[in-house]
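Work through the following exercises with the coordinates at hand. Each one sets a task and then solves it in steps.

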Amino acid sequence: MTSPLYGQMMDIPLLASSLLSHAARHFGDTEIVSRRIEGDIHRYTYRDCEKRAKQLAQALIALGVEQGDRVGTLAWNGYRHLECYYGIPGMGAVCHTINPRLFPDQIAFIIDHARDSYVFFDMTFAPLVEIVAPQCPNVKGWIALGDASCITEHLGNLSVPVQSYETLIAAHDGHFEWPVFDERQASILCYTSGTTGNPKGALYSHRSTVLHAYAAALPDSTCASSSDSILPVVPMFHVNAWGMPHVAPLTGAKLVMPGKDLDGQSLYELMEAEGVTFTCGVPTVWLGLLAYLKQTGKRFTTLKRTVIGGSACPPSILHTLEEEYGVDVIHGWGMTEMSPLGTLARLNFKQKQRPRDEQLRALEKQGHVMFGVDMKVVGDDGRELPWDGKSFGDLYVRGPCVIDRYFRRDESPLIDGWFPTGDAATIDADGFMHITDRSKDVIKSGGEWISSIDLENIAVSHPQVAEAACIACSHPKWTERPLIVAVLKPDATVTREELLAHFEGKVAKWWIPDDVIFADELPHTATGKLQKVRLREIYREYVLPGAVEDRV
Ligand code: AMP
């Protein structure tokens with residue numbers, strides 16, 4: 001038997017620290033701008049960032065943190081959080097980003113389950129630390145992301161002993177070589193939002209972190225480059241801000257961090273002041289921004305494109321941004337378990353030759369896989385369905401940036417080597433995937449499936465509707481029928497009948513919802529997704545008008 005012939009290339013592992021080192025060395029004076037929770041704007045460069053991340057790495061070693069130890073962060077998007085993103089994995093520990101929007105009990109569960117040794121937190125989260133600290137006996141220290149004077153000023157009443165981040169790192173000089181180790185070692189730990197059961201941990205490796213950054217930066221993904229100024233609105237405490245803290249240094253892009261003020265005006269002002277060309281966020285962020293633009297008559301002068309995802313981007317937002325503001329919308333889909341990006345809607349050469357309305361319909365979908373992700377939809381019998389844009393079933397994925405198990409759980413979630421996403425989707429002949437629902441939110445009417453997302457999109461395209469959810473309501477004849485729960489805009493006058501008439505001609509007749517309920521607000525998860533499980537509970541006993549007739 002002949003022995004394999006190996007390539008003769010340098011065997012340099014893919015480590016997260018290499019992303020920041022690359023930016024510090026080759027884009028050393030490119031800026032990182034942060035709106036701090038102290039209220040001012042902070043600016044420094046990749047070179048400064050790497051030096052401070054190294055000081056942090058030295059400080060962690062001095063604290064006794066070892067390779068593989070988990071170190072938590074409870075923080076907004078800002079330069080100190082970025083230093084944690086690199087300083088912690090850079091020295092071999094694991095940066096565990098914690099979502100402060102979860103319930104305190106879930107946060108305590110996560111910190112305890114991850115066995116975090118230290119937790120770094122923004123001072124705005126001090127009240128949360130006060131609540132969860134007594135339930136986290138394994139945490140050796142709580143470190144406030146500020147200087148000693150801020151702590152005296154803002155955290156005087158905290159019963160938990162805290163250290164100052166600035167004091168901690170000031171004791172070190174930043175003369176430090178990033179250690180080189182196996183690229184399969186863990187880099188970052190993120191827990192899912194846990195709408196059902198306890199949150200589960202997705203433990204990324206250095207290799208998956210770097211590969212994801214490469215793929216996410218590609219032209220048909222985010223098309224990030226050194227000529228960009230990137231503002232990730234999506235928080236660094238939720239799925240790595242969709243990889244932007246890694247993509248920006250990989251490409252040498254300027255990075256703009258919005259801190260805690262995510263309202264339309266604050267974001268707009270920061271974007272304009274810092275020449276932001278690219279941003280990414282969930283649809284609700286855009287609702288705020290567009291309302292602000294409409295109210296003030298202002299326009300973007302530098303913004304070129306935006307990734308919208310996390311939940312389905314309503315076509316009305318996409319059309320307004322594309323047609324009225326000239327901003328390219330890249331509808332993206334992914335999940336915590338995928339690092340997180342999976343697909344992005346970018347038109348290929350063939351699609352660009354088609355009429356504009358066809359292009360817009362394609363852009364409304366969740367799009368094409370990026371390199372490194374494979375996907376398929378399977379039917380109830382477990383067999384792969386055709387890519388015809390119509391057959392829909394459960395969406396499965398696989399790839400080097402997809403988890404193969406959850407942190408500290410033995411059972412594997414995989415089915416024949418594929419990860420079941422829990423989403424239901426179609427794939428068309430162009431390879432464009434379209435999420436029709438979370439599998440458990442699909443409405444099954446008379447044996448056929450109705451997409452609740454499609455109906456929600458139609459409801460919010462009504463000019464007087466602010467937000468809408470579509471849920472299955474039980475029905476004696478059809479098993480389930482769609483019910484819309486809508487929140488109206490202030491001063492709206494639309495009636496149930498008018499809203500139902502708005503569906504006519506947009507979907508098949510039997511898809512038109514049976515009823516509309518107007519509500520003051522809708523329940524959301526900690527990551528801003530509609531909490532349909534909760535809505536189904538609230539309206540479990542609700543009797544649809546048709547259901548009464550059918551019963552009589
Ligand atoms: P998370 O792990 O919190 O990022 O949530 C991932 C889930 O969010 C996915 O499995 C989808 O159900 C949903 N999701 C993310 N992006 C989209 C999108 N563009 N359209 C519809 N659902 C989405």
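**Exercise 1.** Determine which residues Ser-208 touches, not counting residues up to four places away in sequence.

Solution. Apply the contact criterion, which is heavy atoms within 4.5 Å. With that criterion, Ser-208 touches Pro-400 and Cys-401. Next, place the residue: Ser-208 is found in helix α8, residues 206-217. Helices here are DSSP runs of H or I with at least four residues and strands are runs of E with at least two, numbered from the N terminus. Finally, classify the exposure: Ser-208 has a relative accessible area of 5% and is therefore buried. The classes are buried under 20% relative accessible area, exposed over 50% and partly exposed in between, with a 1.4 Å probe and protein chains only.

The model is predicted, so local features need pLDDT of at least 70 and side-chain atom pairs count only at pLDDT 80 or more, while totals for chains, interfaces and linings use all residues. Residues are numbered from 1 along each chain as its sequence is written, and side-chain values use heavy atoms, with hydrogens and water left out.

**Exercise 2.** Describe the shell around the ligand and its polar contacts.

Solution. A residue is near the ligand if one of its heavy atoms lies within 4 Å of it. There are 16 residues around the ligand, and Gly-332, Thr-336, Gln-366, Asp-423 and Arg-438 come nearest. Sort the shell by type: four residues are nonpolar, nine polar and three charged. In this sorting Ala, Val, Leu, Ile, Met, Phe, Trp, Tyr, Cys and Pro count as nonpolar, Asp, Glu, Lys and Arg as charged, and the others, Gly among them, as polar.

Then list N or O pairs within 3.5 Å, the cut-off for a polar contact. A ligand oxygen atom is 2.6 Å from a side-chain N or O atom of Thr-336. For His-331, a side-chain N or O atom is 3.0 Å from a ligand nitrogen atom. At Gly-310, a backbone N or O atom lies 3.1 Å from a ligand nitrogen atom. Now take the area: on its own the ligand has 500 Å² of accessible area, and the protein covers 93% of this. These areas come from the Shrake-Rupley method with a 1.4 Å probe. Two or more shell residues come from each of β14 (328-334) and β20 (433-438); β14 gives the most, with four.

**Exercise 3.** How many aromatic pairs are there, and what geometry does the pair of Phe-176 and Trp-178 have?

Solution. Rings of Phe, Tyr and Trp (its six-membered ring) pair if their centres lie within 6.5 Å; planes under 30 degrees apart are stacked, over 60 edge-to-face and the rest tilted. The count is 12 aromatic pairs. Phe-176 and Trp-178 are 5.8 Å apart, centre to centre, with 85° between the planes, an edge-to-face pair. Both Phe-176 and Trp-178 are buried. Ring pairs also join Tyr-268, Trp-286, Tyr-292, Phe-300 and Tyr-325 into a cluster.

**Exercise 4.** Is Val-239 buried or exposed, and what backbone feature does this residue show?

Solution. Val-239 sits in the loop between β10 (229-232) and α9 (244-251). Although Val-239 is not a glycine, its phi is positive, about 40°. Its relative accessible area is 4%, so Val-239 is buried. Compute the corresponding values for Arg-408: phi is positive at about 55°, and relative accessibility is 44%, so Arg-408 counts as partly exposed.

Notes. A polar contact is a pair of N or O atoms within 3.5 Å; within protein, one must be able to donate a hydrogen and the other to accept it, and residues adjacent in sequence count only if both atoms are side-chain atoms.
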